[in-house]
Amino acid sequence: MSDELADKLEIYSVAEDRIVLVDPDERSDDEWRRELSEEAFRILRKKGTERAFTGPYNDNKEQGTYRCAACGTDLFPSESKFDSGTGWPSFFRPVSDANVATEEDRSLFRRRTEVLCRRCGGHLGHVFPDGPRPTGQRYCMNGTALDFEPAGSDEAEQE
Ligand SMILES: [Zn+2]
């Protein structure tokens, strides 16, 4: 395997319905600052949290895919969204475990599991083990860290 291929990431593509190889997105803070809104930069790059009930998508019930607002990686299917009552968009599973990374977060005096975009390392939110069936997981996301792509809005119209 060449070095170039070794640097690739395996990411699940919803449009292609398969694992694809992509380059990690390693843009610098300066580059991200130019790309993202101030609030999105604070959340995605500085591990911030939007105030509950203030971000987008909390009440969104449309069919489609939630993507990383920074690099566009597919993250959560609308089928896994549920009303957690927390004020943040909540999901019981990502489109694929390949697309998110998790890390232990010991800030705020308690142990939590941080959820990051696998491709760009952007901070998305946290995952808690108190979600609904079938996974029992609650991915509590900052809506500002997500971009919603309605189903059928590109060529790959789903049934
Ligand atoms: Zn990303």
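1. Start with R67: in this predicted model, R67 stands opposite D74 in β4. The two strands concerned, β3 and β4, run antiparallel and are joined by three bridges. Their hairpin has five residues between the strands, and G72 takes a positive phi there, near 85°.

2. R67 also has a partner in β11, where it stands opposite D147. Here β3 (residues 64-68) pairs with β11 in the antiparallel sense, over five bridges.

3. Put those pairings together and you get an open sheet of three strands, ordered β4-β3-β11 and antiparallel. The edges are β4 (74-77) and β11 (146-150); each has a single partner strand, so one side of each is left without a neighbour in the sheet. On average, neighbouring strands of this sheet are turned by 30° against each other, direction ignored.

4. Then there is an open sheet of six strands, in the order β5-β6-β10-β9-β8-β7, again with antiparallel pairing. This time β5 (81-82) and β7 (100-105) stand at the edges, and because each has a single partner strand, one side of each lacks a neighbour in the sheet.

5. Within that six-strand sheet, have a look at β8 (residues 112-117) and β9 (residues 123-128), an antiparallel pair with four bridges. E114 is a handy place to check the register, as E114 stands opposite H126 in β9.

6. On to the largest nonpolar core, which has 26 residues. A69, L75, C117, Y139, M141, A145 and L146 are the ones with the most contacts inside it. Elements giving two or more residues to this core are α3 (38-44), β3, β4, β8, β9 and β10 (138-141).

7. M141 deserves a click of its own. Setting aside neighbours within four places in sequence, M141 is in contact with W88, P89, S90, F91, L124, G125 and L146.

8. A few backbone details to check, beginning with the loop between α3 and β3. K47 sits in that loop, and its phi is near 55°, a positive value in a residue other than glycine. F53 lies in the loop between α3 and β3 too, with a positive phi near 65°. Are these two buried or exposed? K47 counts as partly exposed because it has 16 C-beta neighbours inside 10 Å; F53 has 11 inside 10 Å, so F53 counts as exposed.

9. Last, a cis peptide bond: the one from R133 to P134, with omega near 5°. You'll find P134 in the loop between β9 and β10.

Note on methods: Residues are numbered from 1 along each chain as its sequence is written. This is a predicted model: local features need pLDDT of at least 70, side-chain atom pairs count only at pLDDT 80 or more; totals for chains, interfaces and linings use all residues. Two strands pair if DSSP finds at least two bridges between them. Axes are lines fitted to C-alpha atoms, for helices over the stretch in contact, and angles run from 0 to 180 degrees between N-to-C directions. A nonpolar core is a set of buried Ala, Val, Leu, Ile, Met, Phe, Trp, Tyr and Cys residues joined through C-beta atoms within 7 Å. A residue is buried if 20 or more other C-beta atoms lie within 10 Å of its own, exposed if 12 or fewer, and partly exposed in between; C-beta atoms are placed from the backbone. Two residues are in contact if their C-beta atoms, placed from the backbone, lie within 7 Å.
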